[in-house]
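Q: I am new to this structure and would be grateful for a close look at a single part of it. Please take chain B as that part, and describe its sheets, its unusual backbone positions and its contact with the other chain.

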Amino acid sequence: MTMVSSSMPPEPGPIIRAVTAAALAVWRSWPFLAFFIGFFLAWEYAVILFKVPGYILPTPSEIVRRGWADIPRLIDYTLVTGMESVLGYLLAIAVGVPVGVAIAFWEPLRRTVYPFFVSLEMVPKIAFAPLFIAWLGFGLLPKVIIVVLVCFFPVALNSIHAFGSLSDELTRFCRSTGAGRLRTFWKVRLPAALPQCFVGFKYAALNATVGATIAEFMGSDQGLGFYINIATGNMRPDLAFAGIFFLTLLGLALFGCITLAEKLLIPWHITQRRH
Amino acid sequence: MGATIEIRSLAKTFGVGTGAVHAFGPVDLTIHSGSFVSLLGPSGCGKSTLMLMIAGLLEASEGEVFFDEEKVAAPRTDIGIMFQDNTLVPWRTVEGNVALQLELRGLDPRAYAARIRDLLRSVRLEGFGGRHPYELSGGMQQRAAFCQALVHEPDTLLFDEPLGKLDAMTRESIRTDLQTLWMKQRPTVVFVTHSIEEAVQLSSTVCVVTPRPGRIGRTIDIDLPWPRDLEVKASPAFTHYVREIQGIFHDYGVL
């Protein structure tokens, strides 16, 4: 046995393992990286080749240069739009989940509020944005409310579905233990509902920055939506693209956070398992 | 020893008016303390419905069920119950799932640590306590569910086709586990199945359920030696019981 083990290669250290894993990840995603870089190169050289004027479509390198020059303001506005998105998003979850639970468990609400919600889901909520701006002015509040509006329904509807669909077997099992409603909720219903809730949370995360941006288009004196609006008005598509880039980063960050939360809270779920 | 279960004029109808489906009954049956009674019948005959009514998990349309002369009016909490689809939750390990039965009852699982370990060992799951259900085969999952159904030491066990989705070899091996447990502790067992061979092998009494609306067509005491191992299953007497029951189903037009 000693002979065999001494001839085995030594176990690699954690740093070597991490570097190997990273290199492997890069190697596996090279088709994506190649396409990504190729896309921007094609953009750059197509603009130069076809002599597209900068006030119509700037080159990526131009966008980076001009955007870099205005970086303090872009960061500032990213924080503003981020604040609106995150506040509205968290508020939508804080209200949407309890509302979903109430509707899932209480028959009268399921007969009244639920069909009302389903029909409201067909209404493009963003159409309410000008009204809220008119009622509440240019500040933070109307934006947060609009974000809540576009995030609330996916959260609430998925929560209703999540909490209303425990299997017959598990429901019967819980009843056969004599456990009360509250204990059954904490031990079984809540964890069982989390995966479906996260479907709603992720969908809402995509809506959040869209809601905040459109609200800023309609009436605002700061934020990335405001920035893009003004830049376009001033024939500065380079700055508009820089704003869009920061909006993308914001959206990715929000979605990344919720994906991380999902990984931590429901590591057992089929969508989270490795191999 | 388990409870004696008395079933009196029990019937179940689903729905009302012209759309009503008479699913089951009326049935009169006495399940003696410590016996192993199979409810054997074709699918859709209402045998699972009967089991749920015995457990107090489904309200009867007519008639009553008594556990040791106490009328069933709410879900019985002194039973162990197992279904075709197991009640393991995916976010808990095997041990955690067994402990869930205790936690839902407000018991401290730490006080049962030794019992959980013994149970898992008795069904050859030692070393798998820390695994999640999705890491286990179907047979191992059902063995874990078996421990979950037994951990609170119920003296009455209700099984609704717990082996229904398993392969033949796994079924055979879990039947042996089940038989060993029953012979040792003599709980009252109500076992729903559609396998004639399984019913004859495990039961002290087989209740043959008719097609819908289900009634107890015949009650057959199985007079074979225990344990019912492969040798007993190969005996002429075993084959005789199986043939007899096949004949009954043939007369019902099921086989």
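A: The account below treats chain B in order of its sheets, its loops and its contact with the partner chain, and then turns to that partner.

The model is a predicted one, and everything that follows should be read in that light.

The description may begin with the sheet of four strands in chain B. This sheet is open, its strands stand in the order 2-1-4-5, and the pairing is antiparallel. Its edges are formed by strand 2, residues 21-31, and strand 5, residues 70-71, of chain B, each of which pairs on one side only. Strand 1 of chain B covers residues 5-14 and runs antiparallel to strand 2 of chain B, to which seven bridges join it. Within this pair, E6(B) stands opposite T30(B), a residue of strand 2 of chain B. Strand 1 and strand 2 of chain B also make up a hairpin, with six residues between them. In the turn of that hairpin lies G15(B), which has a positive phi of about 80°.

On the other flank of the order, strand 4 of chain B, residues 62-67, is joined to strand 5 of chain B by two bridges, and these strands likewise run antiparallel. Here F66(B) has K71(B), in strand 5 of chain B, opposite to it.

The other sheet to be described in chain B has six strands. It too is open, with the order 6-7-8-3-9-10, but its pairing is mixed. Strand 6 and strand 10 (216-221) of chain B are the edge strands, and each pairs on one side only. Direction ignored, neighbouring strands of this sheet are turned by 15° against each other on average. A parallel pair within the sheet is formed by strand 3 of chain B, residues 36-40, and strand 9 of chain B, residues 205-209, which four bridges hold together. L40(B) has V208(B), in strand 9 of chain B, as its bridge partner.

The loops of chain B call for a word on backbone geometry. Most residues other than glycine have a negative phi, and most peptide bonds are trans. Against this background, the peptide bond from W226(B) to P227(B) is cis, with omega near -10°. P227(B) is placed in the loop between strand 10 and helix 7 (230-233) of chain B. R124(B), although not a glycine, has a positive phi of about 60°. R124(B) belongs to the loop that lies between helix 3 (113-122) and helix 4 (138-150) of chain B. Is R124(B) buried or exposed? R124(B) has 12 other C-beta atoms within 10 Å, and because a residue with 12 or fewer counts as exposed, R124(B) falls in that class.

The contact between the chains comes next. Chain B contributes 19 residues to it, and chain A contributes 19 residues. On the side of chain B that touches chain A, strand 6 (79-82) and helix 2 (94-104) of chain B each supply at least two residues. The largest share of that side, four residues, is provided by helix 2 of chain B. Sorted by class, the side of chain B that touches chain A holds 11 nonpolar, four polar and four charged residues. Strand 6 of chain B thus appears in two roles, as an edge strand of the six-stranded sheet and as a supplier of residues to the contact.

The partner, chain A, may be described for context. Chain A has 12 helices and zero strands. Its radius of gyration is 25 Å, whereas a compact globule of 275 residues would have one near 19 Å. The C-alpha trace of chain A spans about 80 × 75 × 30 Å along its principal axes. Of the 275 residues of chain A, 32% count as buried.

Two helices of chain A illustrate how its elements meet. The axes of helix 5 (residues 71-105) and helix 8 (residues 140-163) of chain A come within 6 Å and cross at roughly 35°. The residues of this contact comprise 22 nonpolar, five polar and two charged. The crossing of helix 5 of chain A past helix 8 of chain A is right-handed.

Chain A also has a non-glycine residue with a positive phi: M235(A), at about 60°. M235(A) is found in the loop between helix 11 (224-233) and helix 12 (237-265) of chain A. M235(A) is exposed, with 12 other C-beta atoms within 10 Å.

Technical notes. Residues are numbered from 1 along each chain as its sequence is written. Chains are lettered from A and ligands numbered from 1 in the order in which they are written. This is a predicted model: local features need pLDDT of at least 70, side-chain atom pairs count only at pLDDT 80 or more; totals for chains, interfaces and linings use all residues. Two strands pair if DSSP finds at least two bridges between them. Axes are lines fitted to C-alpha atoms, for helices over the stretch in contact, and angles run from 0 to 180 degrees between N-to-C directions. A crossing is left-handed if the near helix is turned anticlockwise from the far one by less than a right angle, and right-handed if clockwise. Ala, Val, Leu, Ile, Met, Phe, Trp, Tyr, Cys and Pro count as nonpolar, Asp, Glu, Lys and Arg as charged, and the others, Gly among them, as polar. The radius of gyration is taken over C-alpha atoms; the globule rule is 2.2 Å times the number of residues to the power 0.38. A residue is buried if 20 or more other C-beta atoms lie within 10 Å of its own, exposed if 12 or fewer, and partly exposed in between; C-beta atoms are placed from the backbone. Two residues are in contact if their C-beta atoms, placed from the backbone, lie within 7 Å.
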